[in-house]
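Q: Please take a close look at one part of this protein, its nonpolar interior. I would like the general layout before the detail.

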Amino acid sequence: MPYTATATAAFDSFGALAETRGAGTRFTAQLLPLLAEAELLDSPAGWGTTATSAGAFRLEPVRLGRDLELLTGWMNDPEVAAYWELTGPATVTAAHVRTQLNGNGHSVPCLGLLDGTPMSYWEIYRADLDPLARHYPARPHDTGIHLLIGDGTNRGRGLGTVLLRAVANLVLDNRPRCTRVIAEPDIRNAPSVSAFLNSGFRCFAEIDLPEKRAVLMVRERALRNLI
């Protein structure tokens, strides 16, 4: 399963700079500038449509009332389940997505639409505010992505590479303070790692996360036109 943050976890890194008095917490002068840096992700819904070799692609934030049945079906696909570990009834998928929706904007779950058809699920998140940041030298505004391609007919033909490059470009185009796009696919998931490499990411390190050994993949703004 992808390693994502809740709002509480995002603020864990600030705890040492806050003073607790009685029942409340007073933010210190050191903490206030960090809070100002921790703005929410802007909505990918406003990032628009991008042309790719596979068609017109856009991200649309998930609405559980509309999308839960579709997402549950994808999560129960054996190829997806092997790495996301969210098999089961709709309540399992709903609980996972609600964690993102209730996270104060630090992670935004989205459908990926290709020529208007939903065919992938994405989580766009602030990697520097995520527990992932404890496992690598994070920079302010690092933005992470998780991806699954829901329809098996879209797998195994290079579509992941095309879409990963497109979404990384959308992040860099729309988040000017972000200098790097981060991902951490399971080291066992060779097709996913290959897709990231082919879309301009490079292997930064192997890292041990609570639920998996992962390859930390990085796409840097400074190299986006070279790789």
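How many helices and strands does the protein have, and which residues have the most contacts inside the largest nonpolar core?

A: This is a predicted model, in which local features need pLDDT of at least 70 and side-chain atom pairs count only at pLDDT 80 or more, while totals for chains, interfaces and linings use all residues. Residues are numbered from 1 along each chain as its sequence is written, and side-chain values use heavy atoms, with hydrogens and water left out.

The protein has seven helices and 10 strands (DSSP runs numbered from the N terminus: H or I of at least four residues for helices, E of at least two for strands). Of its 227 residues, 49% count as buried (under 20% relative accessible area, with a 1.4 Å probe and protein chains only). Among contacts (heavy atoms within 4.5 Å) with a separation of 6 or more, 64% are between residues 24 or more positions apart.

The largest nonpolar core (buried Ala, Val, Leu, Ile, Met, Phe, Trp, Tyr and Cys residues joined through side-chain atoms within 4.5 Å) has 28 residues. Phe 57, Leu 59, Trp 122, Ile 124, Ile 145 and Val 167 have the most contacts inside it. Two or more residues each come from strands S4 (55-61), S5 (107-114), S6 (117-126), S7 (143-149), S8 (180-183) and S10 (212-220), and from helices H6 (159-174) and H7 (190-198). H6 gives the largest share, eight residues.

Leaving aside residues up to four places away in sequence, Phe 57 touches Gly 48, Thr 49, Thr 50, Thr 52, Gly 112, Leu 113, Leu 114, Met 119, Ser 120, Trp 122, Leu 163 and Val 167. Another core, of 15 residues, lies apart from the largest one and includes Leu 68, Trp 74, Val 97 and Leu 113.

Leu 68 and Val 97 also appear where two helices meet. Leu 64, Leu 68, Leu 71, Thr 72 and Met 75 in H3 meet Ala 90, Thr 93, Ala 94, Val 97, Arg 98 and Leu 101 in H5. Helix H3 (residues 64-75) and helix H5 (residues 90-101) pack at about 120°, with their axes 9 Å apart (lines fitted to C-alpha atoms over the stretch in contact, with angles from 0 to 180 degrees between N-to-C directions). H3 is therefore oblique to H5 (not under 35 degrees, roughly parallel; over 145, roughly antiparallel; or 65 to 115, roughly perpendicular).

Conventions
Buried < 20%, exposed > 50% of the residue type's maximum accessible area, 1.4 Å probe, protein only.
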